[in-house]
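Here is a short tour to read alongside the sequence and the 3D view. Have both open, and follow along as we go from the overall picture to single residues.

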Amino acid sequence: MKLIIAIINKEDSQEVSQALTKEKYSVTKLATQGGFLMSGNITLMCGTQEDKVERALEIIKEHSKQRKEIVPSTATYGIGVTTSFPLEVTVGGATIFVVDVERFEKA
Ligand code: 2BA
(Lines give C-alpha, C1' and ligand atoms only; values in the text may rest on other atoms or scores of the structure.)
Protein backbone atom coordinates (compact mmCIF):
# COMPACT_ATOMS: atom_id res chain seq x y z
CA MET A 1 0.00 0.00 0.00
CA LYS A 2 1.08 3.59 -0.66
CA LEU A 3 0.23 6.91 0.91
CA ILE A 4 -0.08 9.87 -1.43
CA ILE A 5 0.51 13.22 0.26
CA ALA A 6 -0.45 16.08 -2.04
CA ILE A 7 -0.10 19.76 -1.16
CA ILE A 8 -2.45 21.79 -3.32
CA ASN A 9 -3.98 25.24 -3.54
CA LYS A 10 -7.05 25.81 -1.36
CA GLU A 11 -9.03 26.85 -4.42
CA ASP A 12 -8.41 23.50 -6.14
CA SER A 13 -9.02 21.31 -3.11
CA GLN A 14 -12.73 20.70 -3.56
CA GLU A 15 -12.39 19.81 -7.23
CA VAL A 16 -9.44 17.48 -6.58
CA SER A 17 -11.02 15.67 -3.64
CA GLN A 18 -14.35 15.29 -5.43
CA ALA A 19 -12.63 13.85 -8.51
CA LEU A 20 -10.69 11.36 -6.35
CA THR A 21 -13.77 10.37 -4.35
CA LYS A 22 -15.74 9.85 -7.57
CA GLU A 23 -13.18 7.23 -8.60
CA LYS A 24 -13.50 5.51 -5.20
CA TYR A 25 -10.31 6.80 -3.57
CA SER A 26 -10.46 7.59 0.15
CA VAL A 27 -9.19 11.07 0.95
CA THR A 28 -8.45 13.09 4.09
CA LYS A 29 -8.03 16.86 3.81
CA LEU A 30 -5.82 18.79 6.20
CA ALA A 31 -5.71 22.57 6.42
CA THR A 32 -2.00 23.44 6.20
CA GLN A 33 0.23 26.46 5.70
CA GLY A 34 3.20 26.91 3.38
CA GLY A 35 6.40 27.86 5.15
CA PHE A 36 7.44 30.38 2.48
CA LEU A 37 4.28 32.32 1.65
CA MET A 38 2.76 31.60 5.08
CA SER A 39 -0.62 31.32 3.40
CA GLY A 40 -3.12 28.52 3.67
CA ASN A 41 -2.95 25.48 1.45
CA ILE A 42 -4.52 22.04 1.63
CA THR A 43 -2.75 18.74 2.15
CA LEU A 44 -4.58 15.66 0.91
CA MET A 45 -3.76 12.22 2.31
CA CYS A 46 -4.83 9.32 0.16
CA GLY A 47 -4.00 5.72 1.02
CA THR A 48 -4.32 3.34 -1.92
CA GLN A 49 -3.05 0.18 -3.58
CA GLU A 50 0.15 0.51 -5.58
CA ASP A 51 -1.58 -0.16 -8.92
CA LYS A 52 -3.98 2.76 -8.32
CA VAL A 53 -1.30 5.37 -7.56
CA GLU A 54 -0.66 6.51 -11.14
CA ARG A 55 -4.37 7.18 -11.80
CA ALA A 56 -4.63 9.15 -8.54
CA LEU A 57 -1.64 11.28 -9.57
CA GLU A 58 -3.24 11.92 -12.98
CA ILE A 59 -6.43 13.12 -11.27
CA ILE A 60 -4.55 15.39 -8.85
CA LYS A 61 -2.45 16.93 -11.65
CA GLU A 62 -5.48 17.38 -13.92
CA HIS A 63 -7.34 19.45 -11.31
CA SER A 64 -4.44 21.45 -9.79
CA LYS A 65 -3.62 24.71 -11.49
CA GLN A 66 -0.39 26.68 -11.39
CA ARG A 67 -0.78 30.21 -10.09
CA LYS A 68 1.39 33.26 -9.87
CA GLU A 69 1.32 35.03 -6.52
CA ILE A 70 2.80 38.39 -5.63
CA VAL A 71 4.49 38.57 -2.25
CA PRO A 72 6.04 41.61 -0.63
CA SER A 73 9.80 41.37 -0.24
CA THR A 74 12.38 43.71 1.24
CA ALA A 75 15.97 44.62 0.41
CA THR A 76 18.42 46.65 2.45
CA TYR A 77 20.87 49.02 0.72
CA GLY A 78 23.85 50.83 2.23
CA ILE A 79 23.39 51.92 5.80
CA GLY A 80 19.96 50.95 6.90
CA VAL A 81 17.93 51.96 3.82
CA THR A 82 15.25 49.33 3.45
CA THR A 83 12.87 49.20 0.51
CA SER A 84 9.94 46.94 -0.23
CA PHE A 85 9.23 45.48 -3.69
CA PRO A 86 6.78 42.91 -5.06
CA LEU A 87 8.16 39.46 -5.83
CA GLU A 88 6.34 37.10 -8.22
CA VAL A 89 6.28 33.44 -7.17
CA THR A 90 4.88 30.51 -9.17
CA VAL A 91 2.94 28.19 -6.89
CA GLY A 92 1.81 24.64 -7.64
CA GLY A 93 -0.10 22.94 -9.32
CA ALA A 94 0.54 20.17 -6.77
CA THR A 95 3.49 19.09 -4.65
CA ILE A 96 3.19 15.33 -4.31
CA PHE A 97 4.95 12.74 -2.15
CA VAL A 98 4.28 9.00 -2.52
CA VAL A 99 5.44 6.95 0.45
CA ASP A 100 5.35 3.27 1.38
CA VAL A 101 2.87 2.29 4.07
CA GLU A 102 4.37 -0.28 6.41
CA ARG A 103 1.06 -1.26 7.95
CA PHE A 104 -2.56 -0.26 7.43
CA GLU A 105 -5.36 -1.14 9.82
CA LYS A 106 -8.89 -0.02 10.45
CA ALA A 107 -9.95 -0.81 14.01
P1 2BA B 1 5.12 27.64 0.36
O2 2BA B 1 6.21 27.16 1.24
O3 2BA B 1 4.30 28.76 0.88
O4 2BA B 1 5.77 28.03 -1.03
C5 2BA B 1 5.03 28.67 -2.05
C6 2BA B 1 5.87 28.85 -3.31
O7 2BA B 1 6.95 29.72 -3.01
C8 2BA B 1 6.52 27.54 -3.80
O9 2BA B 1 5.61 26.88 -4.65
C10 2BA B 1 7.77 28.06 -4.51
O11 2BA B 1 7.46 28.49 -5.82
C12 2BA B 1 8.14 29.29 -3.68
N13 2BA B 1 9.15 28.99 -2.67
C14 2BA B 1 9.05 28.13 -1.62
N15 2BA B 1 10.14 28.16 -0.85
C16 2BA B 1 10.96 29.08 -1.41
C17 2BA B 1 12.25 29.57 -1.06
N18 2BA B 1 12.92 29.13 0.01
N19 2BA B 1 12.80 30.52 -1.88
C20 2BA B 1 12.13 30.98 -2.97
N21 2BA B 1 10.90 30.55 -3.33
C22 2BA B 1 10.32 29.62 -2.57
P23 2BA B 1 5.57 25.30 -4.68
O24 2BA B 1 6.95 24.74 -4.86
O25 2BA B 1 4.54 24.92 -5.71
O26 2BA B 1 5.08 24.82 -3.25
C27 2BA B 1 3.74 24.99 -2.81
C28 2BA B 1 3.62 24.55 -1.36
O29 2BA B 1 3.93 23.15 -1.28
C30 2BA B 1 4.62 25.22 -0.42
O31 2BA B 1 4.10 26.45 0.05
C32 2BA B 1 4.74 24.19 0.71
O33 2BA B 1 3.61 24.27 1.56
C34 2BA B 1 4.64 22.88 -0.06
N35 2BA B 1 5.95 22.32 -0.42
C36 2BA B 1 6.61 22.50 -1.56
N37 2BA B 1 7.77 21.78 -1.57
C38 2BA B 1 7.81 21.14 -0.39
C39 2BA B 1 8.74 20.24 0.20
N40 2BA B 1 9.89 19.86 -0.42
N41 2BA B 1 8.49 19.75 1.44
C42 2BA B 1 7.35 20.12 2.08
N43 2BA B 1 6.42 20.97 1.58
C44 2BA B 1 6.65 21.47 0.35
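Let us begin with contacts along the chain: of those in the protein with a separation of 6 or more, 62% are between residues 24 or more positions apart. Please keep in mind that this is a predicted model.

The protein has two helices and six strands, and from the N terminus on they follow the order β-α-β-β-α-β-β-β. Its radius of gyration is 18 Å, well over the 13 Å that the globule rule gives for 107 residues, so the protein is more spread out than a compact globule. The C-alpha trace fits that picture, spanning about 60 × 25 × 20 Å along its principal axes. Buried residues account for 30% of the 107 residues. The accessible surface is about 7500 Å², with 52% of it belonging to carbon and sulfur atoms.

Now for the interior. In soluble globular proteins, nonpolar side chains tend to be buried together. Here the largest nonpolar core has 15 residues, and those with the most contacts inside it are Ile 4, Ile 8, Val 16, Leu 20, Tyr 25, Leu 44 and Ile 60. Two or more residues each come from strand 1 (2-9), helix 1 (10-22), strand 3 (40-48) and helix 2 (53-63). Helix 2 gives the most, with five residues.

Which residues does Ile 60 contact, leaving aside its neighbours within four places in sequence? The answer is Ile 4, Ala 6, Ile 8, Val 16, Leu 20, Ala 94 and Ile 96.

On the outside, Phe 36, Phe 85 and Leu 87 make a nonpolar surface patch of about 300 Å². Phe 85 lies in strand 5 (residues 81-91). Is Phe 85 buried or partly exposed? It counts as partly exposed because its relative accessibility is 33%, which lies between the 20% and 50% cut-offs.

Finally, some backbone details deserve a look. Gly 92 and Gly 93 are joined by a cis peptide bond, with omega about -10°. Gly 93 sits in the loop between strand 5 and strand 6 (94-100). Two residues other than glycine have a positive phi, as the table shows.

| Residue | Phi | Location |
|---|---|---|
| Lys 24 | near 70° | loop between helix 1 and strand 2 (28-33) |
| Met 38 | near 60° | loop between strand 2 and strand 3 |

Lys 24 also counts as exposed, because its relative accessibility is 70%.

Terms used:
Residues numbered from 1 in each chain as written. Predicted model: local features only at pLDDT ≥ 70, side-chain atom pairs only at ≥ 80, totals over all residues. Heavy atoms only, no water. Patch = residues over 30% accessible without salt bridge, like charges linked within 9 Å, V, L, I, M, F, W, Y side chains within 5 Å. Areas by Shrake-Rupley, 256 points an atom, 1.4 Å probe, with all protein chains shown as cover. Salt bridge = Lys/Arg side-chain N within 4 Å of Asp/Glu carboxyl O. Helix = DSSP H or I, 4+ residues; strand = E, 2+ residues; numbered from the N terminus. Buried < 20%, exposed > 50% of the residue type's maximum accessible area, 1.4 Å probe, protein only. Core = buried A, V, L, I, M, F, W, Y, C linked by side-chain atoms within 4.5 Å. Contact = heavy atoms within 4.5 Å. Rg over C-alpha atoms; globule rule 2.2 N^0.38 Å.
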